[in-house]
Amino acid sequence: MTILANVVASIGIYPFRWIILGILAFAYDNRMRARRRNPKQLPLPPGPKGLPVLGSIFDMPREQSWLVYDDWCKIYGDMVYFEVLGQPFLILGSLERTQDLFDRRSSNYSDRPRLPMLVELMDWGFGMAFMPYGPWWRRHRKTVHNHFHPNVVWKYKPVQQREVRVLLRRLLNAPEDFMELTRHMFSATIMKVVYGITVKDSADPYVSAAEELLEGLTASGVPGAFLVDVLPILKYVPSWVPGAGFQRKAAHWKKLIPVALEKPFKHVENELRNGNATPSMAVTLIEQLPDPNDPLYAEEKAIAMNTTSIAYLAGADTTLAAVHTFLLAMALHPDVQRKAQAELDRVVGPKRLPDFNDYDSLPYINAIAKETMRWHPVAPLGFAHMSSQDDEYDGFFIPRGTIVLGHAWAILHDPAVFSDPLVFQPERFLKDGKLDPNVRDPDSAAFGFGRRICPGRHLSNNSLYSVISSVLAVYDITLPLDNLGNPIEVKAEFGNGLISSPLPFKCTVKPRGPLAEALIRDHCAKPKSNWFLFLTLCVWNGVFLIATPTMSVLGRIGGLIGEHPFYGFIAGAGAYVSFMRIRSRRRNPKGLPLPPGPKGLPIIGSVFDMPMELPWLVYDEWFKVYGDMVYFEVLGQPFLLLGSLKRTGDLFDKRSWNYSSRAHMPMLVELMNWSFSLALMPYGQMWRQHRRAFNEHFHRNTVWKYKTLQQRESRLFLRQLLDSPEQFMHHIRHTFAATIMNIAYGARIEDSSTDPHVLKIEEALAGLAEAGVPGAGFKRKAAGWSRINTDVVQVPFMRVEENLKEGKATPSMATSLIDRLPDENDPRYAEERATAQNVAAVAYIGGADTTVSATQSFFMAMALYPEVQKKAQEELDRVVGRDRLPEFSDQSSLPYVMAVVKETMRWQLVTPLGLGHSSSQDDEYEGYFIPKGTIVIGNSWSILHDPAVFSDPLEFQPERYLMENGQLDPNARDPKCAAFGFGRRICPGRHLSDNALYAVVSSVLAAFDIKPVLDDDGNPVDLKPGVTTGMVSFPIPFKCDVKPRGAKAEVLVRDCGEY
């Protein structure tokens, strides 16, 4: 009793010892309880032997922890266990271990450890990455996934590319600020994507608060960084107690949460109420919220606010660290930089900047992106997982509550996988000049593991590619020089924390030469404010010129214009726009409002909001903000977007007399000589005459006569697939070129890649795609394209005329039209002959390209959705059998195959926006004023991806067109309602296209399997769906494996007939 009394008295004199004693007792109790939960007395995994009770508290690394743990893995193996004050830790140092626990046992290893410092003291409970595993986390994860999965992130590419171009321009003016400029670029990108907010050039309050908040995350996000994470009881220690500085830090970082979490979200709410919101993730989530009186409203709003904030905070910092690592690597490895620039020069050339369409053609650039993620992972230890239950693994006992860390740095620096792992070598990812699918992809560890893998990784990868390719295309990155011109040594040193970035370093960033500098100045947009200032001043000069009668003022402005002619152009444009707007207001006597839409700048309107890539996706986001009718102006030209079938029906069908014309297109029609095109003609007598001639050959009661030819060409297509399946995209193009050339001119095409007329047409179509791009020399280009178009229209037609005279002509559309021409002396002859020439040319040009795009989309869909392919083949085997190929007579008996055809037309539209209509007269519609000359565009993509009509619209699901009895559902929305255009301007060749698509789809599925290509290990190579921007949208070139379904199918294809 005397000893016990002395101990108690001693503790009473020094109260802090009570805390120490309590900690030791708590740690000891944890160890005893863990041992009792291990009835088999299995050993713990190997690791450092710590002190009794205290464990390895003195071995815990404070700096570069991933390097210390890597050394431990070399000593103890790829699974290292240790304890700190009773808290168990497990380090996994190989991909096998992370896959075994985080993937195969994800139900037990998807939780997060308790983080008192970060979550409880700093109030980071909103962060999805730190939430415990459960229903609340799943709801957040689902929300984030809906906005950032692979089939969605491509809609953010225009924003990413635009901000990268702004970065290039700013680097030209302040290259020494590269670290700050790249930080601003990522902040601007993710702020635009998440909130639709355009950040300030400097000192933006949102960006500043987020950066300071992220400093706290980096410092406290690693378990054990603060003692309170190991001993949660310390969170109750007052901040004034010596050693409790963590409390003061936590309080400071906590104050920043409302600025980063609530302020931008509330800004979007206010903008939505005022009708000024820009499409964004936040806008979409707010619009999907239930009614405020709904019991779920508070929870759903919290999820929306949490997910948007974490998307911004995580998206900006992680990719920024990777880009800084890339810049450091380029300064240290000039040989790598030269190789990358050689590839860019060869593939892209010096006259433009790389874009996302070049992605597959730049393997070395992609290898640099991969090596950047591997050389120094952004999160070397990733986010900690925690075991939810006791576990037995590989003969070891892993206690419940163990903090499990996937050692990304060790996995990506394993010398058995990556030779010389500390050296930056992009070549390790290449084989024969192409990306080697057998090399470990850094994505396997760089973005986390299992169910807690980073959901924003696809957006991050796109950003990294865009920066790397664009910067290397126009800049050299070298070591800085001292006063004597000698390189200054730069060391690859990285910071500590959850997110590890290079420590501040210097490098020299210079344009690669005068051409590169000119390219930056000509193709990279200046900040909007500068453009706005410039245009405003110039336009003001123009308005002042008109309004002021004082001759002296006129003289001064005239002198200014004389010195700077471009000012005259801008002044004239400004005056014209002002004049047009005033006229429009005079024609609106009732003062009706214009339809809702983005509020553009004075005079120039929404010129900066016009999307350059995948515009249908941008416009779809606008519909979510403004409704299914969106109005905006660009330099006085009004535009109206229609986003629902009701709107297109009301205007294009019920008011077709006013909405059937086309906009005036001087470049395309007058300079390039596309006036022959039925699709581009203004609404009137000439158009009706052409339409009538065309319809006689392609209406639904006529196209049956082409079925024999279509079936024959589809059989030849099968033979081509059998002989060279890897060239399936070329064979698709050849098949439809051959079919429509035979129909239009009775001509046979042996090889579309060498046929002179096909090449001419492709050149004409290339001109059509490029016609909208501004730049010097457009008249010279237009003259060249005009000559090509003349040949396209006249040469094959004249050949048919000659063959008719010689009695050698094959029956065709052209022969029918020529036979019906009046006598050459008839006054109508020239006009009728021109009509015949035009409609034959349009039949070929319009018929080949659109069906090619649809068929390529079908091949992609089958490779991505094998279960759909299997169901279609089962139907074909049941109805047609395996002894013959399907025919048109089987069409009504193949509802699932027909559903596949419909879904092909809906899933990736051939013409997502179609051609714009033009209003012939001022109109009033539903209380709104629509000015004469408004370009009205039906957004087919929105109509056929409306989630209220098509559930999961981004997925390929033919079942959506079928009833429970397996037959086609007549009540399901048919893609034809929007896929072929609208009203009187609907595509007259749609019936021929439908038949052609059925013939190919049914025949191919009957005889072939379409699968993703395999790598050398037999694993499917990831196939990413993507499409091009243009009047006709094509799948971005892809590969797939096309093989006969078996020996019997191969024989059937070979025996299907020689033609």
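A salt bridge is taken here as a side-chain nitrogen of Lys or Arg within 4 Å of a carboxyl oxygen of Asp or Glu. The structure is a predicted model, and by this rule it holds 46 salt bridges. One of them joins the side chains of R139 and E299, with an N to O distance of 2.7 Å. This pair links distant parts of the chain, since R139 belongs to helix α6 (residues 135-148) and E299 to helix α15 (residues 297-332), 160 residues apart. R139 is partly exposed, at 28% relative accessibility, and E299 is likewise classed as partly exposed, with a relative accessible area of 35%.

A further salt bridge is formed by D441 and K370, whose closest N and O atoms are 2.9 Å apart. Here too distant parts of the chain are linked: D441 is in the loop between β8 and α19, K370 is in helix α17 (residues 363-375), and 71 residues separate them. The relative accessibility of D441 is 29%, so D441 counts as partly exposed. K370 is also partly exposed, with a relative accessible area of 22%.

R1045 and D877 form a salt bridge in which the closest N and O atoms are 2.7 Å apart. Because R1045 lies in the loop between β19 (1041-1044) and α40 (1047-1054) and D877 in helix α35 (residues 866-879), the pair ties together parts that are 168 residues apart in sequence. R1045 counts as buried at 19% relative accessibility, whereas D877, at 24%, counts as partly exposed. The cut-off for burial is under 20% relative accessible area. Salt bridges also occur as a network, which links D628, K646, R647, D650, K654 and E926.

The loop that carries D441 also contains D436, and is bounded by β8 (434-435) and α19 (443-446). D436 is buried but has no salt bridge. The nearest side chain of opposite charge is that of K431, at 5.3 Å, which is beyond the limit of 4 Å for a salt bridge. A polar atom of the D436 side chain does, however, lie 3.0 Å from the backbone nitrogen of N438. When neighbours within four places in sequence are left aside, D436 is in contact with F429, L430 and K431. K431 thus appears both among these contacts and as the nearest oppositely charged side chain.

Strands of a sheet pair through backbone hydrogen bonds, in either a parallel or an antiparallel sense. One open sheet in the model consists of four strands in the order β1-β2-β6-β3, and its pairing is mixed. Its edge strands, β1 (79-84) and β3 (385-386), each pair on one side only. Between β3 and strand β6 (residues 403-406) the pairing is antiparallel and comprises two bridges. Within this pairing, M386 has I403 of β6 as its bridge partner.

Two helices lie across strands of this sheet. Helix α3 (residues 65-76) lies across β1 and β2 (87-92) and runs at about 115 degrees to β1. Helix α4 (residues 95-103) lies across β1, β2, β3 and β6, at about 125 degrees to β2.

Strand β17 (residues 935-938) pairs with β12 and with β14. Strand β12 (residues 637-642) runs parallel to β17 and is joined to it by four bridges. F639 has I935 of β17 as its bridge partner. Strand β14 (residues 917-918) instead pairs with β17 in the antiparallel sense, over two bridges, with H917 opposite V936.

In a regular strand, side chains alternate between the two faces of the sheet. In β17, I935 and I937 point one way, while V936 and G938 point the other way. All of these residues are buried. I935, the bridge partner of F639, and V936, which stands opposite H917, therefore point in opposite directions from the strand.

Another buried residue is N995, with a relative accessible area of 9%. N995 is located in helix α39 (residues 990-1007). Apart from residues up to four places away in sequence, N995 touches V703, K707, Q710 and F888.

Terms used: Residues numbered from 1 in each chain as written. Predicted model: local features only at pLDDT ≥ 70, side-chain atom pairs only at ≥ 80, totals over all residues. Heavy atoms only, no water. Buried < 20%, exposed > 50% of the residue type's maximum accessible area, 1.4 Å probe, protein only. Lys, Arg positive; Asp, Glu negative; His and termini not counted. Polar contact = N/O pair within 3.5 Å; in protein donor to acceptor, adjacent residues only side chain to side chain. Contact = heavy atoms within 4.5 Å. Pairing = 2+ DSSP bridges. Axes fitted to C-alpha atoms, helices over the stretch in contact; angles between N-to-C directions.
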